[in-house]
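Q: Please walk me through one part of this predicted model up close. Start with pairing between strands, and follow the trail outward from there. Keep it brisk.

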Amino acid sequence: MKISVLIPVNDYDIVALVHSMKSGMEKVPEYCEILIGDDGSSEEFRNKYLALEDDKVRVIISKKNIGRAAIRNKLALEARGDFLLFTDADVMLPGTAEAYMLKWLSYLNTSRVICGGILYHECKPGDPDILLRWKYGKREEQKKASERNKHPHASFSTFNVLIDKSVFSKLRFYEELKQYGHEDTLLGYQLKKAGIDILHIDNGLVHEGLESNAEFLNKTKLGIENLSKLYDKVTDKKTFSSVVTMLRIYNRLRFFRLTLILAGIFIRYRERMERRLDSSAISLKLFSFYKICMFCTYREIHRRRNILPVF
């Protein structure tokens, strides 16, 4: 059984990560290669990636940015392994690469889709400009496997996941999602529809590349817009809602006819909420309220359009 490590990247320094992974591969022969997916990076970064190439490392280049879904699909097509280990580029190994790689092997005969989890540094960042991303990740994303396994498909993430190539080749990422957000949510939904179990284990990677508050708010906007569009496209809205907490909240609000009120609040108070979220007085409760208000706003926009189901 062979495993390919797939790292999609755009203008991010992954030299240290690749060297660490290579050192682990020398001791864990089940790992056959590292594929770097250069998704429209600048020449400076592309040259860094190309300098890493050898018999164990290949660089798959897309000269223009084709998006997170498409570059992952491209890497999967090129991979030689029986299993695909997807990791984000902005990660750090919490220990040795050997320990990280070995831990996956114990579960290969247990599940065809295994999520390792996301970790954040324990210490609060000194830069207040990245505090929102750290606080959100620490509370909402860093969860023990025992907690994630309670709702395995809802907790699915491609940040750090090992997946059987034969499973992935049947589903793949939805490439029409060009902008950031929720391509992994959709894949989690497809896995549930296909009756494929997901196992969560404690084998996390540390999320290093924290965006500024303003950048994170913009990515949140893109992700929520994507989620609203996907909700219109999926055929089984009940199953899709079961893997997305925000949709379950939205459906309750819609039952009580509160969505228009929240959309109105968002339109009126958006700038005030964003100023508060991009300050030293960050409230995650406000952030949750901000997101559901934004989603209600996008639903009012998108539900008036004739978008045919495609899944």
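A: Start at Ile 7. Its bridge partner in β2 is Ile 36. The model here is predicted. That pair belongs to a longer contact between strands. Strand β1 covers residues 3-9, and strand β2 covers residues 31-39. They run parallel and are joined by 7 bridges.

Now step back to the whole sheet. It holds 7 strands, in the order β3-β2-β1-β4-β8-β6-β9. The sheet is open, and its pairing is mixed. Its edges are β3 and β9, where β9 spans residues 199-200. Each edge strand has a single partner, so one side of each has no neighbour in the sheet.

Move along the order from β1 to β4. These two strands pair in the parallel sense, over 4 bridges. One place to look is Ser 4, whose bridge partner in β4 is Leu 84. On the other side comes strand β8, residues 160-164. Here the sense is antiparallel, with 5 bridges between β4 and β8. Leu 85 of β4 stands opposite Leu 162 in β8.

How many residues of β4 are buried? The count is 5 of 5, so the strand is mostly covered. Look at which way they point. Phe 83, Leu 85 and Thr 87 go one way from β4. Leu 84 and Phe 86 go the other way. Residues pointing in both directions are buried.

Go just past the end of β4. Asp 88 lies in the loop between β4 (83-87) and β5. Its side chain forms a salt bridge with Arg 72, at 2.9 Å from N to O. Arg 72 sits in helix α3, 16 residues away from Asp 88, so the pair links distant parts of the chain. Both Asp 88 and Arg 72 are buried. A further group of salt bridges shares partners: Glu 33, Arg 58, Glu 78 and Arg 80 form one network.

Take one link of that network. Glu 78 meets Arg 58 in a salt bridge, 3.7 Å from N to O. Glu 78 is in helix α3 (residues 68-78), while Arg 58 is in strand β3 (residues 57-62). These two are 20 residues apart, and they too link distant parts of the chain. Are the two partners buried or exposed? Glu 78 counts as partly exposed because its relative accessibility is 35%, between the 20% and 50% cut-offs. Arg 58 is buried because its 17% is under 20%.

Another salt bridge starts in β2. Asp 38 pairs with Arg 46, with the closest N and O atoms 2.6 Å apart. Both residues are buried. By the rule used, the model has 22 salt bridges.

Next, a second sheet. This one is open, with 3 strands in the order β5-β10-β7 and mixed pairing. The edge strands are β5 (91-92) and β7, and each pairs on one side only. β5 and β10 (residues 205-207) run antiparallel, joined by 2 bridges. Within that contact, Met 92 has Val 206 of β10 as its bridge partner.

Gly 116 sits in the loop between β6 (113-115) and β7. Gly 116 is buried, because its relative accessible area is just 2%, under the 20% cut-off. Compare its place with Ile 71. The two are 45 residues apart in sequence, and their C-alpha atoms are 21 Å apart in space.

Finish at the surface. Asp 127, Asp 129, Glu 215 and Asp 278 gather there in a patch of negative charge. One of them, Asp 129, is in the loop between β7 (118-119) and α5 (131-141). Asp 129 is partly exposed, with a relative accessible area of 34%.

A nonpolar surface patch is made by Phe 255, Phe 256, Leu 258 and Ile 261. Its area is about 460 Å². Phe 256 lies in the loop between α11 (245-255) and α12 (259-277). Why does Phe 256 count as exposed? Its relative accessibility is 56%, which is over the 50% cut-off, so the label is exposed.

Methods:
Residues are numbered from 1 along each chain as its sequence is written. This is a predicted model: local features need pLDDT of at least 70, side-chain atom pairs count only at pLDDT 80 or more; totals for chains, interfaces and linings use all residues. Side-chain values use heavy atoms; hydrogens and water are left out. Patches are made of residues with over 30% relative accessible area and no salt bridge: like charges are joined within 9 Å, nonpolar side chains (Val, Leu, Ile, Met, Phe, Trp, Tyr) within 5 Å. Accessible areas come from the Shrake-Rupley method with a 1.4 Å probe; for residues, only the protein chains shown count as cover. A salt bridge is a side-chain nitrogen of Lys or Arg within 4 Å of a carboxyl oxygen of Asp or Glu. Lys and Arg count as positive and Asp and Glu as negative; His and the chain ends are not counted. The place of a charge is taken as NZ of Lys, CZ of Arg, CG of Asp or CD of Glu. Buried means under 20% relative accessible area, exposed over 50%, partly exposed in between (1.4 Å probe, protein chains only). Two strands pair if DSSP finds at least two bridges between them.
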